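Me: I would like to go through the labels attached to this structure and see what each one rests on. Could we set every value against its cut-off before accepting the word?

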Amino acid sequence: PRPRLPPTFSLPFLPQRITPLQKTTFYHHHQKKDKKRRLMSASAVSAAAVAASSEGSLLAVIGDEDLVTGFLLAGVGNLDSRRKSNFLIVKPDTSRREMEDAFKDFTTREDVAVVLIAQFVANEIRYLVNEHTEPIPAVLEIPSPDHPYDPSADSILKRVKHLLGAGDGV
């Protein structure tokens with residue numbers, strides 16, 4: 001069964017009004033994507049939702065347009081009273097400085113419990129991701145639709161292997 005979406009909703013990078021036909025087309029287009037990627041994204045959303053279940057906690061998302069749009073359609077988007085969002089869409093012309101600033105902002109905000117970051121973005125700002133050692137907000141690297149997941153580059157997986165003695169170190 002298709003999820004029921006409101007008749008109209010808005011996203012900052014899409015037209016202000018989206019018709020039911022456009023929503024259906026978008027939904028079916030993304031249903032055809034790789035099942036493994038959908039399952040990994042779904043499990044990331046589930047884990048992040050559990051971690052952010054305390055009152056007022058948000059998920060922050062940094063990734064390409066497809067990844068961020070999927071999470072926004074799942075309901076994680078938020079704009080506060082100062083029009084500050086909890087997501088960053090990384091495009092080819094997005095500077096490393098913008099990615100760094102968004103990551104620093106999301107990891108220092110009191111209302112963010114989990115930062116979901118596409119692995120290709122995390123690779124661009126790897127030194128910042130590795131420096132973040134606080135448990136909250138948790139930083140989870142996730143695959144994006146256009147970039148394959150590389151377990152050897154995942155900072156959390158490296159830490160777990162190091163703690164279990166199965167890795168080469170961090």
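Me: What makes the meeting of arginine 109 and aspartate 111 a salt bridge?

Reply: The term asks for a side-chain nitrogen of Lys or Arg within 4 Å of a carboxyl oxygen of Asp or Glu, and the N to O distance between the side chains of arginine 109 and aspartate 111 is 3.0 Å, so the pair meets the rule. This is a predicted model, in which local features need pLDDT of at least 70 and side-chain atom pairs count only at pLDDT 80 or more, whereas totals for chains, interfaces and linings use all residues. Residues are numbered from 1 along each chain as its sequence is written, and side-chain values use heavy atoms, with hydrogens and water left out.

Me: Why is arginine 109 called buried, and what is aspartate 111 called?

Reply: Buried means under 20% relative accessible area, exposed means over 50%, and partly exposed covers what lies in between, with a 1.4 Å probe and protein chains only. Arginine 109 has 11% and is therefore buried, while aspartate 111, with 24%, falls in the partly exposed class.

Me: How many salt bridges does the rule give, and which residues of helix H4 form one?

Reply: The count comes to six, and one of them joins the side chains of arginine 97 and aspartate 101 at 3.8 Å, N to O. Both residues lie in helix H4 (residues 96–108), four residues apart, which is about one turn of the helix; a helix here is a DSSP run of H or I with at least four residues, a strand is a run of E with at least two, and both are numbered from the N terminus. Arginine 97, at 53% relative accessible area, is exposed, whereas aspartate 101, at 36%, is partly exposed. Another salt bridge joins aspartate 80 and arginine 82 at 3.2 Å, N to O, and arginine 82 is exposed because its relative accessible area is 62%.

Me: How do you know that E1 and E3 pair?

Reply: Two strands pair if DSSP finds at least two bridges between them, and strand E1 (residues 58–63) and strand E3 (residues 112–118) have five bridges in the parallel sense, so the condition is met. Within this pairing, alanine 60 stands opposite valine 115 in E3. The open sheet of four strands has the order E2-E1-E3-E4, with parallel pairing, and E2 and E4 are its edge strands, each pairing on one side only.

Me: Which helix packs on this sheet, and what is its direction relative to E1?

Reply: H3 packs on the sheet and touches E1, E2, E3 and E4, where a contact means heavy atoms within 4.5 Å. The direction of H3 makes about 160° with that of E1, on axes that are lines fitted to C-alpha atoms (for helices over the stretch in contact), with angles running from 0 to 180 degrees between N-to-C directions.

Me: Why is leucine 67 called buried, and what does leucine 67 touch?

Reply: Leucine 67, which is found in helix H3, is called buried because its relative accessible area is 5%. Not counting residues up to four places away in sequence, leucine 67 touches Ile62, Ala118, Ile142, Pro143, Ser144 and Pro145. Leucine 67 and serine 144 are 77 residues apart in sequence, yet 5.9 Å apart in space, C-alpha to C-alpha.

Me: What makes the approach of histidine 132 to proline 137 a polar contact?

Reply: A polar contact is a pair of N or O atoms within 3.5 Å; within protein, one must be able to donate a hydrogen and the other to accept it, and residues adjacent in sequence count only if both atoms are side-chain atoms. The side chain of histidine 132 reaches the backbone oxygen of proline 137 at 2.7 Å, so the distance lies within that limit. Histidine 132 is in the loop between helix H6 (126–131) and strand E4 (138–142) and, with a relative accessible area of 12%, is buried. The peptide bond from isoleucine 136 to proline 137 is cis, with omega near 0°.

Me: Is arginine 83 buried or exposed, and what is its phi?

Reply: Arginine 83 counts as exposed because its relative accessibility is 65%. Its phi is near 65°, a positive value in a residue other than glycine, and its place is in the loop between helix H3 (65–73) and strand E2 (87–89).
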